[in-house]
Amino acid sequence: MAKPKLQYQCSECGALAPKWAGQCADCGAWNSMSEALPAASGDSGKSRFANYAGQVGTQIQALDEVRPGRETRVSVGLGELDRVLGGGLVAGSVVLIGGDPGIGKSTLLLQALASFSGDVRALYVTGEESPEQVSLRARRLDVGAGDMRLLAETSVERIIEHARLESPKVMVIDSIQTLYTEALQSAPGSVGQVRESAAQLVRFAKQSGTALFLVGHVTKEGTLAGPRVLEHMVDTVLYFEGDSGGRYRVIRAIKNRFGAVNELGVFAMTDKGLKEVRNPSSIFLSRHEQPVAGSVILVTMEGTRPMLVEVQALVDDSQLANPRRVTLGLEQNRLAMLLAVQHRHGGVLMGDQDVYVNVVGGVRVTETAADLSVLLAVLSSFRDRSLPNDLVVFGEVGLAGEIRPVPNGQQRLHEAAKLGFRHALVPAANAPRTPVKGLHIYPVSRYPEVMDWFAGL
Ligand code: TYD
Ligand code: MG
């Protein structure tokens with residue numbers, strides 16, 4: 001059989017070209033052309049129409065008539081990972097796990113696979129490490145290898161062949177960037193290779209009902225290497241994050257066809273691998289002995305669990321024409337917007353100041369409930385006046401200077417009270433109707449009220 005003729009496709013606009021070029025002739029994007037397989041020939045418009053008229057394999061049904069089989073889930077042996085997956089691993093689903101090098105992706109999956117045994121067959125395909133390395137790690141982790149099977153291979157075609165014979169229930173590919181398909185000539189790790197390899201594996205998973213974990217590397221920009229398409233092809237996208245120097249690791253669902261997103265799983269990296277942290281609400285909290293300026297405790301709610309984190313700000317005279325606005329663990333644009341609110345509705349101008357905001361412990365906060373804590377931390381640093389260290393804060397700040405309520409206010413307050421906090425500055429609409437024991441609530445509905453409250457400290 002003749003090899004199908006290769007084409008080149010622009011990853012920006014999707015234009016096809018017979019030859020590679022540095023710039024896409026259609027949209028003008030640079031360096032976006034990568035190899036692509038031409039669509040299967042032979043299904044011209046005419047034959048497709050003929051199919052529609054009569055002998056189509058598929059049929060249209062009423063949604064009501066569809067009787068889904070029961071979704072079978074297996075536990076992966078790590079409660080925190082089960083939780084992010086939406087209550088266990090679904091048969092035939094494809095999960096992409098991204099994260100910085102050295103964050104612990106291989107360790108996590110090795111631990112998860114080792115927990116399967118008996119009728120759940122597990123296959124670990126390693127393209128990065130040798131079987132000896134994997135075995136050494138398993139020994140060091142002290143996980144009984146269960147009935148786990150190991151394959152060192154980087155050719156997708158051969159991996160799938162092996163998998164068909166072995167028919168595992170769960171398979172791990174570590175990592176997708178090391179694989180190559182014989183259909184393309186480009187090097188492993190290139191956009192075309194990653195896309196095509198993943199497509200073949202996803203097809204295999206769906207046909208065979210094998211649950212598949214794909215490990216993916218993260219680029220310097222923080223997105224999964226390889227095309228964004230990868231995220232569209234899979235059922236679930238998980239990100240593994242945290243300081244690789246620090247102790248704690250957080251795993252977060254970005255997309256999940258079988259569960260809620262933004263659910264967090266928290267692990268601690270120990271010398272015996274990753275250990276679950278079942279009650280993570282206070283692990284990121286570092287209490288200062290004395291109150292310090294620029295530090296505020298935020299109750300954030302990631303997924304279904306409240307967590308207390310410290311937001312720190314430093315406001316300092318700038319030497320630059322364009323003062324710096326730097327955030328770590330928060331969105332940068334949001335800070336610029338909040339500073340504008342601060343100016344307009346609080347009358348505090350920081351045009352000649354550098355502003356740095358950091359969430360302590362390498363945590364990333366994605367929800368807008370952090371707004372109020374950011375503004376207070378900035379204000380506290382700017383005025384060099386500390387806030388009480390038994391105070392918690394949450395609330396969204398709108399452009400009109402309104403303090404908007406956030407979901408699960410009650411739960412956040414109860415968690416703060418449980419951890420011994422005594423004061424809470426919260427959106428008025430989140431103020432509880434019945435008092436929370438031991439907690440004094442300050443409800444605010446507009447930003448000027450926050451300024452008044454701060455002035456009265
Ligand atoms: P690894 O799983 O290899 O990361 P990834 O696959 O995401 O690149 O994790 C490697 C890091 O984890 C390494 O820096 C050492 C650390 N580690 C421990 O601290 N304890 C352990 O038991 C193991 C296996 C790794
Ligand atoms: Mg690895």
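1. Start with helix α3, since its burial runs right through the element. The buried residues are Lys 105, Ser 106, Thr 107, Leu 108, Leu 109, Leu 110, Gln 111, Ala 112, Leu 113 and Ala 114. That is ten of ten, so "mostly covered" is a fair label for α3, given that buried here means under 20% relative accessible area. Keep in mind throughout that this is a predicted model.

2. Some of those α3 names come back at the ligand. There are 16 residues around ligand 1, and the ones that come nearest are Gly 102, Lys 105, Ser 106, Thr 107 and Thr 270. Thr 107 puts a polar side-chain atom 2.6 Å from an oxygen atom of ligand 1. Arg 137 also brings a polar side-chain atom to an oxygen of the ligand, at 3.0 Å. For Gly 104 the backbone does the job: one of its polar backbone atoms is 3.0 Å from a ligand oxygen.

3. How much of ligand 1 does the protein bury? On its own the ligand exposes 560 Å², and 73% of that is buried by the protein. Three elements give two or more residues each to the shell: α3 (105-114), α4 (131-141) and β13 (264-270). Sorted by class, the shell has six charged, six polar and four nonpolar residues.

4. Next, the empty space inside. The count of cavities of 30 Å³ or more comes to two. The largest holds about 120 Å³, and 14 residues line it, with Ser 295, Ile 297, Leu 387, Pro 388 and Asn 389 closest to its centre. Strand β15 (residues 295-302) gives the most to this lining, namely three residues. Seven of the lining residues are nonpolar, five are polar and two are charged.

5. The second largest cavity has about 30 Å³ of space. Its lining is made up of Leu 85, Gly 88, Leu 89, Val 90, Ser 93, Val 95, Thr 236, Asn 256 and Phe 258. By class that gives five nonpolar and four polar residues, with no charged ones.

6. Two loop residues are worth a look, beginning with Ser 155. Where does Ser 155 lie? It is in the loop between β8 (149-152) and α5 (156-166). Ser 155 has a relative accessible area of 0%, so it counts as buried. Its side chain makes a polar contact of 3.2 Å with the side chain of Glu 182.

7. Now for Ala 187, in the loop between β9 (170-174) and α6 (191-208). Is Ala 187 buried or partly exposed? Its relative accessible area is 48%, and because exposed would need over 50%, Ala 187 is classed as partly exposed. Along the chain, Ala 187 and Gln 177 are ten residues apart, and their C-alpha atoms are separated by 9.9 Å.

8. Last, the overall picture, for orientation. The protein has 457 residues, and 47% of them are buried. Its secondary structure comes to 23 strands and eleven helices. The C-alpha trace spans about 80 × 55 × 50 Å along the principal axes.

Methods: Residues are numbered from 1 along each chain as its sequence is written. Chains are lettered from A and ligands numbered from 1 in the order in which they are written. This is a predicted model: local features need pLDDT of at least 70, side-chain atom pairs count only at pLDDT 80 or more; totals for chains, interfaces and linings use all residues. Side-chain values use heavy atoms; hydrogens and water are left out. A residue is near a molecule or strand if one of its heavy atoms lies within 4 Å of it. A polar contact is a pair of N or O atoms within 3.5 Å; within protein, one must be able to donate a hydrogen and the other to accept it, and residues adjacent in sequence count only if both atoms are side-chain atoms. Accessible areas come from the Shrake-Rupley method with a 1.4 Å probe; for residues, only the protein chains shown count as cover. Helices (H or I, at least four residues) and strands (E, at least two) are DSSP runs, numbered from the N terminus. Ala, Val, Leu, Ile, Met, Phe, Trp, Tyr, Cys and Pro count as nonpolar, Asp, Glu, Lys and Arg as charged, and the others, Gly among them, as polar. On a 1 Å grid over the protein atoms alone, a cavity is a set of points where a 1.4 Å probe fits but cannot get out, and a pocket is an open set with protein on both sides within 12 Å along at least five of seven lines; lining residues have an atom within 4 Å of a point. Grid points are joined across faces, edges and corners, and a volume is the space filled by probe spheres set on the points. Buried means under 20% relative accessible area, exposed over 50%, partly exposed in between (1.4 Å probe, protein chains only).
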